Amino acid sequence: MKGKFGLGLVMALCLTLFAGFGAPHAGEGIEGSSKAAKLDACVEPTDYMRRNHFELIKHQRDITVHEGVRATDYSLAGCVDCHVRKDAQGQHVPVNAPGEFCSGCHQYTGATLDCFTCHATKPTGNGQ
């Protein structure tokens, strides 16, 4: 009798632990919760953006720093605002968090992701 109780307790513990896998937790972005997930297209076709986003962002940086122009289609803040996902509590998950929009591809390609040493990883709400 004691052995069955112990085995049942262990099984209940395991089921409790594994029941949480696959469910969204705080700090994990929920699929489909970004603005981009609800849109048909980015500012350019997806294949073009995957290959050229760093050039567009670099060009935007030069225009912003040298000419003071902030509002364009290729701003990093615009990318973050559109691609950031929300967690189970409705909070934005940083785009550079493991598995999120920016870090997922950068990890896959082995490219350094250093934009966010200076820039915000979540929308700041100031429209930029």
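This short talk goes through the fold, the core, one pocket and three buried residues of the chain shown above.

Before I begin, please keep in mind that this is a predicted model, in which local features need pLDDT of at least 70 and side-chain atom pairs count only at pLDDT 80 or more, while totals for chains, interfaces and linings use all residues. Residues are numbered from 1 along each chain as its sequence is written, and side-chain values use heavy atoms, with hydrogens and water left out.

Let me start with the whole chain. The chain has 4 helices and 2 strands, arranged from the N terminus as α-α-α-β-β-α, where helices (H or I, at least four residues) and strands (E, at least two) are DSSP runs, numbered from the N terminus. Of the 128 residues, 19% are buried, and by buried I mean under 20% relative accessible area, with a 1.4 Å probe and protein chains only. If we take contacts (heavy atoms within 4.5 Å) between residues at least 6 apart in sequence, 56% of them join residues at least 24 apart.

Now to the interior. In soluble globular proteins, nonpolar side chains tend to be buried together. Here the largest nonpolar core has 7 residues, namely Ile 57, Leu 76, Val 80, Val 84, Val 95, Cys 102 and Phe 116; such a core is a set of buried Ala, Val, Leu, Ile, Met, Phe, Trp, Tyr and Cys residues joined through side-chain atoms within 4.5 Å. With residues up to four places away in sequence not counted, the contacts of Val 95 include Val 80, Val 84 and Phe 116, as well as His 83.

That brings me to His 83, which sits in helix H3 and is buried, at a relative accessible area of 16%. Beyond four places in sequence, His 83 touches Ser 34, Ala 36, Cys 42, Val 95 and Phe 101.

What lies on the other side of the contact with Ser 34? Ser 34 belongs to the loop between helix H1 (2-19) and helix H2 (46-67), is buried with a relative accessible area of 7%, and, leaving aside neighbours within four places, is in contact with Cys 82, His 83, Val 84 and Arg 85. Gly 29, in the loop between H1 and H2 as well, counts as buried at 16% relative accessibility, and its contacts outside four places in sequence are Arg 85, Lys 86, Val 93 and Glu 100. Gly 29 and Gln 89, 60 residues apart in sequence, lie 10.0 Å apart, C-alpha to C-alpha.

Finally, the second largest pocket has His 83, Cys 82 and Cys 42 among its lining residues, and helix H3 (residues 76-83) gives the most to that lining, with 4 residues. A pocket here is an open set of points on a 1 Å grid over the protein atoms alone, where a 1.4 Å probe fits, with protein on both sides within 12 Å along at least five of seven lines, and lining residues have an atom within 4 Å of a point.

Technical notes:
Buried < 20%, exposed > 50% of the residue type's maximum accessible area, 1.4 Å probe, protein only.
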